[in-house]
Amino acid sequence: MASKSTIDSIPGGPLIRFEDVSIGFDEGEVLRGISFEVVPGETKVILGESGSGKTVLLKVAAGLLRPQSGRVVVMGHDLTEMKEVDLLDFRRRIGFVFQEGALFDSLNVADNVSFRLREESVALEETEPRVREALRFVEMEDAYDKFPDELSGGMRRRVSIARALIDQPPIVYYDSPTGGLDPVTSQTIITLILRLRDLNGVTSLLATHRLQDAFGLANFAFDSKADRVVPIWEDGKGRHFSPTNFLVLRDAQVYFQGETQELLKSADPYLREFLS
Amino acid sequence: MATLTPKTPESTKPSPIAGLNDALKRQILSLQSYSYLVGDALAKMFSAPRYPEDVLEQMDAIGVGSLPIILLTGFFIGGVMVLNTAAQFQRFGETALTGDTVAIALVRELGPTIAGLLVTGRNGSGIASELGSMVVTEQVDAMRALGTDPVRKLVVPRLIATVLTLPLLTAVADLVGLIGGYIVAHFTLGLSAVEFWNRAVQALAFGDLVMGLAKPVVFAIIIATVACFYGLRTRGGTQGVGRATTTAVVVASVAILVSDFFLGKLLLYWFVS
């Protein structure tokens, strides 16, 4: 491992904790001895090449995959000890934005976004305003009645974010939310993630291999008064740390864990090459 | 002192015994996973949350959707049975037995089997490919991430819908098969409606009806669970969806025919002998 740092500068105990987590499939080990913590309000960016286990890590963190060893503790729940029926309840309190959006293609946008509410038997008169509010947040209210196959890749991703935040979860996992999108649409998605982080205080794990997204999250914040994204050092609130930290995966292990400046200043040849 | 010899490609190749062992283990694991899914789905049929709208939607797709092919196939199966047996009955001067033969063969055997195989081809493949596509596009994971149990939401409604509709489809297949048989018997053997239908109805005993309706229930469980099982374990993108669909249809069809033999034997023992 090139470097390791703690995140003591952010107040509060960890909301997500991985302790020596390992998982493998028929093809071999995907994650080996992964340990890290995420404190409330923090965004942990999981960097790594394609196939380095980023998606698997997120699915383990959501209890969608069970590790072969180690412990995963999220919001005080040890996911490795929980039964599937309890995990279903637990997952209702987190949001998950999948790589390609994973919208239900037989349901329209409104039904996709309200899926969780309908499962919880929320009254129809309460459901519609909440769906509209979530769609307004991602600027997709016009797509209310459309089906996923009528939407572009970026629009599907935004609807997926709306679906994930319908219950205002304290934790959201993003799996390559800008993968395969053009730079303008990617920026829109990153702005949405910044808004969720800075306006709603959402804690998140974000897997990506796009450095511009990672550093966009690390170096910018959403200013609610100005209603726009501003560089973090110019936000006028005296914030001197970024709530964004990095974790780099390589060969199924954590290769680097730390803050933006540590990553940028690292002399490790692999990290230098990865960042170049 | 021991020396280290580099591994050659031959030395890393698994032996045929090890390969057979692995294949057997995979099959047993598959059977275990399938049994678990069946048990889980059957148990969840009787507990909340339930999805009645999804059950109705599936009943429409399976029941109403399959009706045209059931009507067409049932009619011609009944007709072709009479065509093939007419000459034999004429030879022995027992043309009046046509109604008995068509009724017993259709109700006991052909109706359930043909309806089961047709629903396997039409809906089993549809279920496997739909669920397979949902798996490879992460929709099933998204469902779990949203706190919904895919077995309750996807498997149970399909299972209930198939169990409710296949016996009805079988009854329809039996009826139109008899109509087809009567029309052919009328034109080839000159049988009147009274002769044919009297014999056909009188030939059927309570046991025959039980056999004719018990088999489709078992076949429905096989079709829905096998299709859902292969759909939900799809791996490998769109190719995987194709493979899952083919495997589901083949396994369900073979399972229907094999179980038909044993069910037939058991039900004949209980109700006929």
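The buried residues of helix α5(A) pack against α3 (109–113) and α6 (153–165) of chain A. This is a predicted model. Chain A has 10 helices and 13 strands, while chain B has 9 helices and 0 strands. The two chains touch, with 15 residues of chain A in contact with 11 residues of chain B.

**Helix α5 of chain A**

- The residues of α5(A) that count as buried are Val131(A), Ala134(A) and Leu135(A).
- Seen down the helix axis, these buried residues fall within an arc of 95°, so they line one face of α5(A).
- An α-helix has 3.6 residues a turn, so residues three or four places apart point the same way.
- On the face turned away from the buried side, α5(A) carries the exposed residues Glu125(A), Glu126(A), Pro129(A) and Arg136(A).
- Helix α5(A) covers residues 124–137, and at 1.5 Å a residue its 14 residues should span 20 Å; the end C-alpha atoms are 20 Å apart, which agrees.
- Just after this helix, Glu139(A) takes a positive phi of about 55°.

**Helix α1 of chain A**

- Helix α1(A), residues 54–61, has 8 of its 8 residues buried, so it is largely enclosed by the rest of the structure.
- The buried residues are Lys54(A), Thr55(A), Val56(A), Leu57(A), Leu58(A), Lys59(A), Val60(A) and Ala61(A).
- Gly63(A), just after α1(A), takes a positive phi of about 75°.

**Strand β8 and its partners**

- In strand β8(A), residues 171–175, 5 of the 5 residues are buried, so the strand is largely enclosed by the rest of the structure.
- In a regular strand the side chains alternate between the two faces of the sheet.
- Both faces of β8(A) are covered, with Ile171(A), Tyr173(A) and Asp175(A) buried on one side and Val172(A) and Tyr174(A) buried on the other.
- β8(A) pairs with β7(A) in the parallel sense over 4 bridges, and in this pairing Gly95(A) stands opposite Val172(A).
- β8(A) also runs parallel to strand β9(A), residues 203–208, and 5 bridges join the two.
- Leu206(A) in β9(A) is the bridge partner of Tyr174(A).

**The antiparallel sheet of chain A**

- Chain A has an open sheet of 4 strands in the order β3-β2-β5-β6, with antiparallel pairing.
- β3 (28–38) and β6 (77–78) of chain A stand at the edges, each with a single partner strand, so one side of each is left without a neighbour in the sheet.
- Strand β2(A), residues 16–25, pairs with β3(A) in the antiparallel sense over 7 bridges.
- The bridge partner of Gly24(A) is Glu29(A), which lies in β3(A).

**The loop residue Asp105(A)**

- Asp105(A) lies in the loop between β7 (94–97) and α3 of chain A.
- Asp105(A) is partly exposed, with 16 other C-beta atoms within 10 Å.
- Not counting residues up to four places away in sequence, Asp105(A) touches Pro148(A) and Asp149(A).
- Asp105(A) and Pro148(A) are 43 residues apart along the chain, yet their C-alpha atoms are separated by 5.6 Å.

**Overall form of chain A**

- The radius of gyration of chain A is 18 Å, close to the 19 Å that the globule rule gives for 276 residues, so chain A is as compact as a globular protein of that length.
- Its C-alpha atoms fill a box of roughly 55 × 45 × 35 Å, taken along the principal axes.
- Among the 276 residues of chain A, 43% count as buried.
- Of the contacts in chain A with a separation of 6 or more, 67% are between residues 24 or more positions apart.

**Overall form of chain B**

- From the N terminus on, the elements of chain B run α-α-α-α-α-α-α-α-α.
- Chain B has a radius of gyration of 24 Å, whereas a compact globule of 273 residues would have one near 19 Å.
- The C-alpha atoms of chain B fill a box of roughly 95 × 50 × 35 Å along the principal axes.
- Buried residues make up 40% of the 273 residues in chain B.
- Residues 24 or more positions apart account for 89% of the contacts in chain B with a separation of 6 or more.

**Where the chains meet**

- On the side of chain A that touches chain B, the elements giving two or more residues are α2 (84–91) and α4 (115–119) of chain A.
- By class, this side of chain A has 8 nonpolar, 1 polar and 6 charged residues.

Notes. Residues are numbered from 1 along each chain as its sequence is written. Chains are lettered from A and ligands numbered from 1 in the order in which they are written. This is a predicted model: local features need pLDDT of at least 70, side-chain atom pairs count only at pLDDT 80 or more; totals for chains, interfaces and linings use all residues. Two residues are in contact if their C-beta atoms, placed from the backbone, lie within 7 Å. Ala, Val, Leu, Ile, Met, Phe, Trp, Tyr, Cys and Pro count as nonpolar, Asp, Glu, Lys and Arg as charged, and the others, Gly among them, as polar. The radius of gyration is taken over C-alpha atoms; the globule rule is 2.2 Å times the number of residues to the power 0.38. A residue is buried if 20 or more other C-beta atoms lie within 10 Å of its own, exposed if 12 or fewer, and partly exposed in between; C-beta atoms are placed from the backbone. Two strands pair if DSSP finds at least two bridges between them. The expected span of a helix is 1.5 Å times one less than its number of residues. The arc is that of the directions from the helix axis to the C-beta atoms.
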